[in-house]
Number of protein chains: 2
Amino acid sequence: MTAARQLPGYEVAPWELRWRWLDLDALRKTESTFALSNGHIGFRGSFEEGEPRGLPGTYLNGFYERRPLPYAEAGYGYPEDGQTVVNVTDGKIIRLLVEDEPVDMRYGSAPNHERVLDFRSGTLRRHTEWISPTGRQVRITSERLVSFTQRAIGAIHYEVEPLDGPAQLVVQSELLANEPIERETDDPRVAAVLENALVSDFHTGAEYHAALAHHTRRSGLRMAAAMDHEIDAPGDVWTENHTSDDLGRLTVAAEVPRGQKLRLTKYVAYGWSSQRSTQALLSQVNAALAGARLSGWQGLLDEQRAFLDDFWDSADVEIDGDAELQQAVRFALFHVLQAGARGETRAIPAKGLTGPGYDGHAFWDTETFVLPLLTYTVPDAARNALQWRHSTLDKARKRAVQLGQAGAAFPWRSINGEECSGYWPAGTAAFHVNADVADATARYLAATGDKEFEAQYGLELLVETARLWSSLGHHDAHGRFRIDGVTGPDEYTAIVDNNTYTNLMAQRNLREAATRCEMRPELARELGVDEEETARWRDAADRMVVPWDDMLQVHPQSEGFTRHAYWDFAGTPPENYPLLLHYPYFDLYRKQVIKQADLVLAMWLRGDAFTPEQKARNVAYYEPLTVRDSSLSSCIQAVLNAEVGHLELAYDYFAEAALADLHDLYHNVHQGLHIASLAGSWIVAVAGFGGMRDHGGKLTFAPRLPPELGRIAFRMCFAGSRICVTIRRDEVTYQLVRGEPVHTSHHGEAIALKEGEPVTLPIPPAPQHVPPRQPAGRAPARRRPYPVPS
Amino acid sequence: MTAARQLPGYEVAPWELRWRWLDLDALRKTESTFALSNGHIGFRGSFEEGEPRGLPGTYLNGFYERRPLPYAEAGYGYPEDGQTVVNVTDGKIIRLLVEDEPVDMRYGSAPNHERVLDFRSGTLRRHTEWISPTGRQVRITSERLVSFTQRAIGAIHYEVEPLDGPAQLVVQSELLANEPIERETDDPRVAAVLENALVSDFHTGAEYHAALAHHTRRSGLRMAAAMDHEIDAPGDVWTENHTSDDLGRLTVAAEVPRGQKLRLTKYVAYGWSSQRSTQALLSQVNAALAGARLSGWQGLLDEQRAFLDDFWDSADVEIDGDAELQQAVRFALFHVLQAGARGETRAIPAKGLTGPGYDGHAFWDTETFVLPLLTYTVPDAARNALQWRHSTLDKARKRAVQLGQAGAAFPWRSINGEECSGYWPAGTAAFHVNADVADATARYLAATGDKEFEAQYGLELLVETARLWSSLGHHDAHGRFRIDGVTGPDEYTAIVDNNTYTNLMAQRNLREAATRCEMRPELARELGVDEEETARWRDAADRMVVPWDDMLQVHPQSEGFTRHAYWDFAGTPPENYPLLLHYPYFDLYRKQVIKQADLVLAMWLRGDAFTPEQKARNVAYYEPLTVRDSSLSSCIQAVLNAEVGHLELAYDYFAEAALADLHDLYHNVHQGLHIASLAGSWIVAVAGFGGMRDHGGKLTFAPRLPPELGRIAFRMCFAGSRICVTIRRDEVTYQLVRGEPVHTSHHGEAIALKEGEPVTLPIPPAPQHVPPRQPAGRAPARRRPYPVPS
C-alpha cells in the first residue's frame with residue numbers, strides 16, 4: 001500500500017494521485033490537479049455537491065468570449081479584442097440531501113474522505129463517509145470520467161449508502177449555467193474573468209433528460225449541454241424534472257435502507273460551434289448521449305482503460321530510485337495526454353482545460369514543449385495540434401500583412417488564432433513562435449514520414465513561416481542576415497537585435513522549408529515557391545548572424561547582451577520573486593537577468609549549432625543569470641546540464657519541473673496546470689537523461705543517469721516503430737518493441753535496432769566541469785530521492 | 001495696408017494676425033491661433049456669443065482631473081492614474097439678441113467680419129457687421145485680453161451698435177461650467193476628454209457680479225470664477241442677475257438708437273488650488289476683480305502694452321526678405337511668451353494653454369526648446385519654469401526609487417509632476433528628460449549668474465539628475481560607462497543601448513553637477529554630496545560610451561543603429577504619414593527611420609562633442625532617414641544644416657518650423673499650438689542663422705544668412721546685459737544695447753562688446769558640401785520668400 005505523509009498532501013503511488021484530507025484551503029489547487037479532460041472538454045475536480053468549492057470550471061476547447069483590450073495609449077496594430085475562455089454550463093453537479101440536510105463538507109464531519117485520480121483507468125474516484133451535523137451517516141462514492149473515446153461525453157457514477165439506518169435521500173443532478181465565480185488579484189498573469197457570459201437560447205427537460213442551449217454575448221459562439229441519467233435504487237423513487245434558462249435539474253428522492261445504495265449514472269454531452277445552429281447543436285448532444293447510453297457506464301470505463309493501456313504502452317517512463325518522481329512523471333504524462341488527446345482542430349492551451357489561467361490561451365509552449373512529447377508518443381495528437389495552427393493560417397497571413405511582413409505571423413497568445421497580446425514587446429515581437437511552429441512541423445514530418453500531412457498542411461506551414469523570416473530579416477553591409485528588434489523566449493529581455501535562439505530557429509526554418517520544397521517541387525509550385533525563393537531562404541540561413549562574444553568565449557543571448565550590467569541578485573530579497581511583479585520591465589530588460597532558458601533552449605533545439613565546449617561554457621555563463629520565474633525553464637536547464645555532465649543538478653531541475661504543480665511551486669496551480677512544464681518532465685527523462693536529439697530528423701541518444709537514480713526506461717515511437725530505452729547506471733539497452741528497424745546512435749556510435757535484437761552498450765564517463773551556480777537564493781532545491789513506499 | 005491672399009487665410013502683417021473670413025470649418029483652428037493666455041489662465045479664441053464654436057476652452061495652469069489609465073496587461077510601475085487638463089468655467093461668453101433674434105453667424109449674413117490678434121497690444125480684437133435673417137443690421141466690436149500684469153484676470157470690452165435704426169438689444173454675459181464638448185478620434189496623440197468634470201460647490205450673484213465655485217470629482221482640486229461688469233448705454237437699461245450650479249448670468253437689455261452703442265466691459269477672475277478652501281478662493285477672485293476694476297479697461301490695456309513693449313525690446317527678431325516669416329516668428333514669440341510669462345510655479349505645457357492636446361501635459365520640450373528662448377529673453381520666466389521642476393523633486397525622487405534608481409526621475413509627461421505616461425518604452429524609458437532639465441538649469445545659471453537660484457534650486461536639480469545617471473549607467477568590462485535600455489528623443493527608435501544624445505547629455509549633466517558642487521562645497525555638503533560622489537560623476541562622464549561607426553564614419557544614433565535595415569521610403573505612400581498611425585512600433589523601432597532629430601539634436605546641444613567634419617557627415621547620413629513626423633525636428637535640422645553650410649535647406653526648415661501652426665502642417669492645430677516648434681523658430685533665427693552656441697556657459701556666434709533673406713536682427717539678454725545682433729549678407733554687427741561688457745566670439749574670433757561700441761565683422765564663406773536629400777516625399781517645401789506686403 002501507499003505510504004501516507006505526515007502533512008496533508010498527495011500520497012506517493014506509482015499509478016495514481018490520492019488526497020485523503022478534507023482541506024478546504026487546498027480545494028482550488030486540487031480542482032486543477034484532479035481535473036479531467038480529453039482535450040475537447042475539461043472538468044475541474046470540484047465536488048459533485050457543488051459546495052464547498054474553490055474555482056469551479058467546465059471548459060470547452062475553443063469556446064471563448066471576446067473582451068475589449070484597453071490601452072492607456074493605443075498604437076497601430078494593437079489587438080482591440082481579447083479572448084477569454086468561458087466557464088460553461090456545469091454538468092458535474094450532483095447535490096445530495098440526507099434527511100433534509102444538504103451534504104456540505106464544511107458542516108458535520110468526514111471520518112473518511114479521499115479522492116483518487118487513476119492514471120490507468122482515466123477516472124477520478126471519490127470516497128467520503130460523512131456524518132451530518134445531526135449525526136446521520138452516509139457513504140458517498142463517485143467515479144467520473146471525461147471520455148477519450150467519445151469526445152463529447154463526460155460521465156459520473158454516483159452512489160450513496162446510509163450507514164446508520166434507513167434514510168431519505170434526495171439527489172439533484174444539475175446543469176448549471178452562469179455560475180458566479182470569484183475574481184482574482186491584479187497579478188497580470190492571472191486571467192481576466194467574465195461574468196454572465198452565457199445568454200440562454202433554449203431549455204428543455206423530460207424524464208431523466210435535460211438540455212440547455214446558450215450563446216456568448218460578444219463572440220456569438222453557440223453551445224448546448226445535455227444530460228441523461230440511469231437510476232438504480234431499492235424500492236420506489238420519486239423524480240422531478242425542472243429546467244429554466246440557466247438550470248436543468250433532475251431530482252431523485254428515495255428511501256434507502258441501511259447497507260443499500262442509491263445509484264445514479266449521469267451522462268453529460270457538450271456541443272459548440274461558431275457556425276452551427278442551436279437546433280443542430282441540440283441534436284448533436286442528444287446523439288452523443290445516445291452513444292454514451294449505448295456504451296453504458298461500464299462500456300465507457302472499458303474504452304477509457306483500453307485507450308490508456310495503449311497510451312502507457314507507447315509513452316510510459318519508468319524511474320527507479322525516486323517514487324515521488326515516478327508518480328510525478330506519470331501524472332505529467334497523463335495530464336499532457338488529457339490536454340492533447342482529442343483537441344483535434346483546436347489549440348492546446350497553456351493550461352490545457354484545467355483552469356482559467358492565461359485566459360485559456362495557447363502560446364508557443366505547445367509547439368516547443370508539448371509537441372515533442374506527443375510527436376514521439378501520440379503522433380496523431382501532434383498532427384491535430386499542427387492542423388489547428390494550419391487552420392489559423394489565414395489569420396496569421398493577415399496579421400503578417402498588418403505588420404508589414406510576408407508569409408504568416410502566428411499570434412503570441414490566442415484561442416481562435418487572432419493575436420490577443422496586449423503588450424507587444426512581449427507579444428507581437430516574440431516572432432520566434434513562428435520558427436517554433438515550423439520546428440514542430442519538421443519534427444513531426446521527420447518522426448512520422450506523414451506524406452499526406454506534409455502535402456496538405458506541413459509544407460505550407462514551413463513555407464509561410466520561412467517567408468516571414470525572409471521579410472523580417474535583412475542583409476547588412478557585410479552581407480550577414482540580421483533579425484533585429486525581436487523578443488526571444490526570455491521574457492526579461494525584449495526587443496533586441498539578433499536573439500541567438502530566434503536566429504538559429506529561423507535558420508532551421510528557412511532550411512527545412514527549402515529542403516522540403518526541393519523534395520516536393522510540384523507542391524512547392526502550388527504554394528508559389530520557385531527556385532529563386534528557396535535560394536533566398538538558403539542564402540539567408542547560410543548568412544544568418546549568430547552573436548559571439550570573443551572575449552568571454554560565449555554566445556550572447558542576443559547582440560550586446562553580455563555587455564549589459566548584471567542584475568543585483570545579492571540585493572534582491574526572496575520575496576521579490578517573480579521579479580516582474582517587483583521591478584519595472586525597463587530595468588529587467590537592460591540587465592543580465594534571465595527569466596527562462598533562451599540561449600540554453602537554443603542549445604537543446606539547435607544543439608547541432610554548438611560545440612561541446614561552447615555548450616559547457618554557455619551553461620556555466622547562463623546558469624548564474626537565470627532565475628526561473630517561468631515554468632518553461634527548469635526542464636531545459638536539466639537537459640543541458642545533463643548534456644554537459646552536471647547530472648546532479650539536472651536531477652534537481654528534473655524534480656523541479658516534474659513537481660511544479662504537485663508542489664505548487666508557482667503559487668498559481670489553482671488557475672490550472674502548467675502543461676508545458678509537465679511535458680518538460682518527459683523532456684528531461686528522454687532528452688536530458690536519455691540524451692535524445694533529433695537534429696535534421698536524425699534520432700540519436702546519449703544517455704546518462706544521475707547518481708540518485710537506478711534506472712530510467714522510456715518508450716517512444718519513431719517512423720511508425722516503437723522503441724524502448726532502458727538506462728542503467730553503467731549501460732543502456734535499446735530495444736525495438738515493434739516495427740521496422742530504426743537507425744540511431746549511442747553517444748555518437750551508430751546502432752541499428754531490430755525486433756528481437758536488443759542492443760546493450762556501456763555509458764562513457766560524463767564530461768567533468770565545475771558545477772555552475774545559480775543566482776543567490778535561486779538554486780533548485782537539492783533533491784533527495786523520495787523512497788519507494790513500503 | 002496688408003495684402004490679402006486669394007484664399008481664406010491669415011493676412012500677412014508684421015505685428016498682427018488677422019483673419020477676415022467667416023469660415024466655420026476653420027473655427028477650431030483659429031480658436032488655437034487666436035488664443036490668449038498669460039501662462040496662468042488660457043482663453044481659446046472662441047466667439048463671445050458662444051456659438052458657432054469649434055472646441056471652446058478655458059484652462060487654468062495645473063488644474064486637471066485624474067483619470068484611470070487602463071492596461072490590457074498591467075506591469076510593475078505603470079502609472080495607475082492619468083491627468084487631463086479640464087475645460088473650466090467659461091467666462092468669455094457674451095450672448096446677444098437683436099430684436100429677439102440671437103446673433104449666430106451661421107444664420108443671416110456678415111458683410112464685414114474680422115478678428116485680429118495684436119502682438120503689441122496683447123489683445124484679440126473682433127469687428128463684425130451682421131445682418132439678421134430678418135434683415136436687422138448691427139456692428140459688434142470687441143477686444144479682449146488675458147492680463148500679463150494681473151495674472152488672475154481676463155477682460156472683454158464689448159460694443160454693439162444698431163446700423164439700420166433703433167433696436168432692442170439684450171446682452172447676456174455668462175460664466176458657464178461643464179460646457180459639453182466634442183470627443184475626438186482614436187488618434188493616440190489626441191487628448192482624452194472628460195465630461196462634467198466640475199462639481200458645483202457654490203454660486204452667488206448680485207447686481208453686475210456673479211461667482212461660481214466648483215471642484216473636480218477625482219483630483220479634488222477647487223476653483224472659483226467670478227465676473228463683474230461696467231455698462232454704458234444710452235438711456236435706461238434693465239438688468240437681471242441669475243446664478244445656478246453651473247451658470248452665472250448677467251442680462252442687460254436696452255433700447256439703442258441707430259448710431260449709438262451699448263458698451264459692456266466684463267472682468268473675469270479665476271482662482272484655484274488643491275489646498276485653499278472654496279471660501280478663500282472666492283475671496284481671492286473677488287479681490288482680483290477689485291484690482292481690475294481699479295485699473296479699469298484702459299488701465300489693463302496700458303499695462304498690457306507696456307509689458308509687451310518691454311518684451312519686444314528684449315526679444316524681437318527682425319527678418320528682411322520674407323514678410324510671412326517675419327509675422328510667423330513674432331506670432332511664435334508672442335505665443336511662447338503667453339505660454340511662459342506667468343506660469344510661475346507651474347509647468348509650461350506642450351500646448352501652452354491654447355488647447356486640450358496631449359491632455360495638457362508638459363514634456364521635455366519645455367526645457368529643451370522653450371527654455372533657451374525664455375532664458376535669453378525673459379529669464380525670470382525660465383527661472384519660474386525650472387522652479388516648477390524643482391517643486392516636483394519629491395515626486396521624481398519617489399519615482400526613481402520605484403524604478404530602482406538613485407536621484408530623481410522626472411516624468412515623461414505630467415501636469416502635477418507625477419508620471420502619466422501609459423506606454424513605458426516611449427515614456428519612462430526616455431530618461432533623457434532628466435539631462436534636459438539639467439541642461440536648462442545649467443544654461444540658466446550660466447546666462448544669468450543667478451546665485452540665489454543656484455543655491456535654492458539649481459544645484460539640487462543638477463545633483464539629483466546626476467545621481468540618476470550615476471545609478472542608471474554602469475561600467476562594462478573595458479571600463480566604459482554605458483547607459484543601456486533607454487529611449488532617446490527619436491520616438492521611432494526605443495529601448496536602445498547608449499543612445500548618443502542621452503549619453504552626451506548625461507555626460508554634461510554629470511560634469512555640470514560636479515563642477516557646480518566643487519564651486520559651492522558647503523551647498524554640496526548640504527545635499528549630501530562628497531568628493532567621492534563628484535569623482536564618480538566625473539569618472540562616469542569621462543568614460544561615457546559615445547557610439548561611433550568606423551566603417552561609415554558617422555555617429556550611430558544608438559549602439560547598432562547603423563546596422564539596422566533602412567526603412568522602405570520609396571514604398572511608403574504619402575498618406576501613410578505620420579508613420580506611427582500606419583505601421584507597428586516594432587517595425588519602426590528596428591529600422592533606420594527617424595521621427596525627429598536625435599543625433600542631430602545632440603549636435604546642437606552638445607556641438608562641442610563633434611568635429612565640423614563629423615557634423616557634416618552626420619547631417620548627410622541622418623537627413624535621408626528623418627521623416628519629421630514630430631514638430632520638434634525641423635527647427636533643429638535647420639540649425640545643423642545652417643552650421644554645415646546648407647543654408648537654403650535651413651531656410652526651408654525655418655519656414656516649416658515657424659509656419660507649422662499657421663499652415664496647420666500637422667493637421668491638429670485645433671488641439672492647441674505646438675509651443676516648442678514655435679520656440680524652435682526663434683532657435684533657427686538665433687542658433688541657426690545667428691550661429692549662437694552656449695557650450696559650457698560661453699556665448700559664441702557664427703552668423704550666416706540664407707540667400708533669400710536680406711537681414712536678420714535679434715536681441716537677447718546675457719548675464720544681465722542686452723545685446724543686439726544684426727546679420728546682413730556679408731557682415732554682422734554686434735551691439736551691446738545696455739549692461740556690462742559681454743565677451744563672445746564671431747566665427748571663432750573673440751570679441752568684446754561694450755556699450756556704444758558696435759562691432760561689425762565680415763562673414764566667412766560657408767563650408768561647401770553636397771546638400772543632403774530627405775526621404776522620398778519628405779523634403780521640406782522649397783520656401784519662396786513671401787514678398788513684403790505693399
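**Contact between the chains.** I looked up the contact in this predicted model: chain A gives 44 residues and chain B gives 44 residues. On the side of chain B that touches chain A, I found that helix H12 (residues 585-589) of chain B supplies the largest share, four residues. I then sorted that side of chain B by class and noted 23 nonpolar, eleven polar and ten charged residues.

**Cis peptide bonds.** Most peptide bonds are trans, and I looked for exceptions. In chain A, I noted a cis bond between A:Tyr577 and A:Pro578, with omega about -5°. I placed A:Pro578 in the loop that runs between strand S24 (565-566) and helix H12 (585-589) of chain A. In chain B, I noted a cis bond between B:Glu51 and B:Pro52, with omega about -5°. B:Pro52 sits in the loop between strand S4 (41-43) and strand S5 (58-60) of chain B.

**Positive phi.** Most residues other than glycine have a negative phi. I found that A:Arg628, not a glycine, has a positive phi of about 55°. I located A:Arg628 in the loop between helix H14 (612-622) and helix H15 (634-643) of chain A. Is A:Arg628 buried or exposed? I count A:Arg628 as buried because it has 26 C-beta neighbours inside 10 Å, and 20 or more are required.

I also found a positive phi, about 50°, at B:Glu99, which is not a glycine. B:Glu99 lies in the loop between strand S8 (94-98) and strand S9 (101-102) of chain B. With 15 other C-beta atoms within 10 Å, I entered B:Glu99 as partly exposed.

Definitions and conventions. Residues are numbered from 1 along each chain as its sequence is written. Chains are lettered from A and ligands numbered from 1 in the order in which they are written. This is a predicted model: local features need pLDDT of at least 70, side-chain atom pairs count only at pLDDT 80 or more; totals for chains, interfaces and linings use all residues. Two residues are in contact if their C-beta atoms, placed from the backbone, lie within 7 Å. Helices (H or I, at least four residues) and strands (E, at least two) are DSSP runs, numbered from the N terminus. Ala, Val, Leu, Ile, Met, Phe, Trp, Tyr, Cys and Pro count as nonpolar, Asp, Glu, Lys and Arg as charged, and the others, Gly among them, as polar. A residue is buried if 20 or more other C-beta atoms lie within 10 Å of its own, exposed if 12 or fewer, and partly exposed in between; C-beta atoms are placed from the backbone.
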